[in-house]
Amino acid sequence: MTILGPLLMVALLIAPIYLAKETQEERKIAINQQQKYHLENTEYLYFTVIPEYEAKQLTSNFNESPYYALLYIEEDHFTLYSDQQISLSVSETIEREIEKIIEINNLKKAGIDPQIIEDASSSIDITTKIVSEDGNTTNSHSEASMGIGFISGILIYMFIFMYGTMVMRGVIEEKTSRIVEVIISSVKPFQLMMGKIIGVALVGLSQFVLWILLTVVISTVVELAFLDVSSMSNEISVNEQSAIIAQITNITGGINLIQIFLSFLFYFIAGYLMYSSLFAAVGSAVDAEADTQQFILPITIPLILSFLLIQPIMDNPDGALAFWMSIIPFTSPVIMMVRLPFGVSSWELLLSMGILVGAFVATTWLAGRIYRTGILMYGKKASYKELWKWLRY
Amino acid sequence: MQENLLIVENVTKKYRDYTALLNVNISVPKGSIYGLLGPNGAGKTTLMRIINQITAPDSGNLLFDGLKLEKHHISEIGYLPEERGLYKKMKVGEQALYLAQLKGMSYTEALEKLKFWFTKLDILDWWNKKVEELSKGMAQKIQFVVTVIHEPKLLIFDEPFSGFDPINAAIIRKEILELSEKGTTIIFSTHRMESVEEICDHIALINKSKTILEGPIDGIKKQFTNNNYEVITKDSVLTDNKFYQVTHKKDDIFQIQLSEGTKGKDALAFINKNYEIVSYKKETPSMEDIFIKAVNNA
């Protein structure tokens, strides 16, 4: 997993680009007539006019023709014939081309020079600025905020889920292999539980760092080896490049990156600690991983909910939903990270962090009580009623 | 009076719906092999967990070597639970070192002692194997070594022979007796009575969360002595009379129960006069008989 992870990540990054380039192969398209609609060759599509009788033949027998498809035009009817499923991009390109011709014709008929329309169309970029209390204005960029919020939210969600279940599996392993009683005759159950949680956290963190490093290294290597970088950057002129660089510096200017990074670490660790103690309690209550379902569900629901709410929260990062979800400890690790790049007042951040720490202490205490009874219970199918009893032993 | 290594006084442990232990008292003399007996579910495991400070009693005191039992005593106790296991994916040696260090041993000390024990039990070849490659009996040997490695004053074995084949069980029994000779006090719990008679010198019988019998094994046996004798005669005949009653006959062995007030030698004299005796033997109650009797009486 340690090595495979980064490879998969790189594959995820590279594959779409690579595939997109690959699939655009050159195709020959036959046309039966071209008086009314004169189609220009595009980058990937080459049009050839063929005699009417040959076209007629193709409509009934396409086998062994050198063409990918036949565009048969009859008055204002357009039909594409082929011996295979015609790719969506091909049919869309042809549609677009024909529409363009019709539009131009219509404009001409109405006595309008198409050039006028082209000159009249425009595209603008709105600049958003944040005015802070001391009167300074900084450029804000919702796109960048969304990107940072989304990525950090997802990372926290993934980390909690992966390593939380890892803790749970570890506890179940210790219980089913029956080593637990040997060990807790040397250390307290709580120590064993916390040791497991912290241990897995350190494994997780080092795996994470390794992932990031390997992903960067591998993707650079792959990019250099397989993708023609020069052809990609050719399309962007030098002027545009410097403009982009200027923009990136501009974008990050409005976001407090240090605050985000520190908060990320905090929510990363505190969120994990809170959830993993609950996962440990679940692990201690069951005899096999198959029995975890009924207890896992209530733990994962807030986590999955916060994942699903990332999009709506990004649309309205200051609404009531966003506020409450970033205060409630079970959803705050993910949601607060989503909100942070958009700017969150410090009292909200501190309140959320304080509540999360409190929740972490409470869940650990609770989990510890379930754990110390649970790990010594064999062959007993635990129910919620049972867990409640263990809590009060 | 022999000094006690461990004293359990009035220990009570209640769970919400049942009482696991009720005012249990036991005294384990130094150097003894102490058998903790009782049917399944009597509370033996709970008692052992309390001695190992895995669970805390609701009330009662525990004294270890004259002092209140505390956390630091862990390094002086070795515990082999009934539900025992090892990390399956870990290598044998690595794991034994880890568990020994958990008991407070230094790495070098643990390594040295482990090599000694592994050589003694002829399992040194397994050092680099993973636990999952071992059979259950092999794993049990390693668990035994890990339990005794830190040379504790008190060793507690919960059903130590379960899972062993007879040959390995004999090896482990020999090791337990050797440790006892060196002065280690041993508590072991079992519901298999024959192993109790073979090795224990003291016992406590726990039934339904109470101690119903406790003390040196010969004293208890004396307490349960009955007036039964086993007689074999040459002609395989023996009839009831005023001295005794034949209660059972199996092959040519007669079991007789003496009447109230009759002494063994009186009955012997009578039988000797009337029959030709091949053997005449007082029946000693087996632990199993005592066990069943005590449980039924309680």
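This passage describes a sheet with its packed helices, a hairpin, a pocket and a salt bridge between chains, all taken from a predicted model.

In chain A, four strands form an open sheet in the order β2-β1-β3-β4, and the pairing within this sheet is mixed. The edge positions are held by β2 (45–49) and β4 (77–81) of chain A, each of which has a single partner strand, so that one side of each is left without a neighbour in the sheet. From one strand to the next, the twist averages 25°. Strands of a sheet pair through backbone hydrogen bonds, in either the parallel or the antiparallel sense; in the case of β1 (residues 27–31) of chain A and β2(A), the pairing is parallel and extends over five bridges. Within this pair, Ile29(A) has Phe47(A) of β2(A) as its bridge partner.

Two helices of chain A are associated with this sheet. Helix α2 (residues 52–60) of chain A packs on the sheet and touches β3 (69–74) and β4 of chain A, with a direction that makes about 115° with that of β3(A). Helix α3 (residues 88–109) of chain A, for its part, lies across β1, β2, β3 and β4 of chain A and runs at about 65° to β2(A).

In chain B, strands β12 (residues 244–250) and β13 (residues 253–258) run antiparallel and are joined by six bridges, with Lys250(B) standing opposite Ile253(B) in β13(B). The two strands, β12(B) and β13(B), form a hairpin with two residues between them, and in the turn Asp251(B) has a positive phi of about 50°.

The second largest pocket encloses about 680 Å³ of space. Its lining comprises 21 residues, among which Ile151(A), Leu155(A), Phe208(A), Ile212(A) and Phe264(A) lie nearest the centre of the pocket. Helices α1 (4–23), α5 (142–176), α7 (189–226) and α10 (257–285) of chain A each contribute at least two residues to the lining of this second largest pocket. Classified by residue type, the lining of the second largest pocket consists of 19 nonpolar and two polar residues, with no charged residues.

Over all chains, a search of the whole structure finds 17 salt bridges. One of them is formed by Glu181(A) with Arg49(B), whose closest N and O atoms are 2.9 Å apart. This pair crosses between chains, from Glu181(A) in helix α6 (residues 180–184) of chain A to Arg49(B) in helix α1 (residues 44–51) of chain B.

Conventions: Residues are numbered from 1 along each chain as its sequence is written. Chains are lettered from A and ligands numbered from 1 in the order in which they are written. This is a predicted model: local features need pLDDT of at least 70, side-chain atom pairs count only at pLDDT 80 or more; totals for chains, interfaces and linings use all residues. Side-chain values use heavy atoms; hydrogens and water are left out. Two strands pair if DSSP finds at least two bridges between them. Axes are lines fitted to C-alpha atoms, for helices over the stretch in contact, and angles run from 0 to 180 degrees between N-to-C directions. Contact means heavy atoms within 4.5 Å. On a 1 Å grid over the protein atoms alone, a cavity is a set of points where a 1.4 Å probe fits but cannot get out, and a pocket is an open set with protein on both sides within 12 Å along at least five of seven lines; lining residues have an atom within 4 Å of a point. Grid points are joined across faces, edges and corners, and a volume is the space filled by probe spheres set on the points. Ala, Val, Leu, Ile, Met, Phe, Trp, Tyr, Cys and Pro count as nonpolar, Asp, Glu, Lys and Arg as charged, and the others, Gly among them, as polar. A salt bridge is a side-chain nitrogen of Lys or Arg within 4 Å of a carboxyl oxygen of Asp or Glu.
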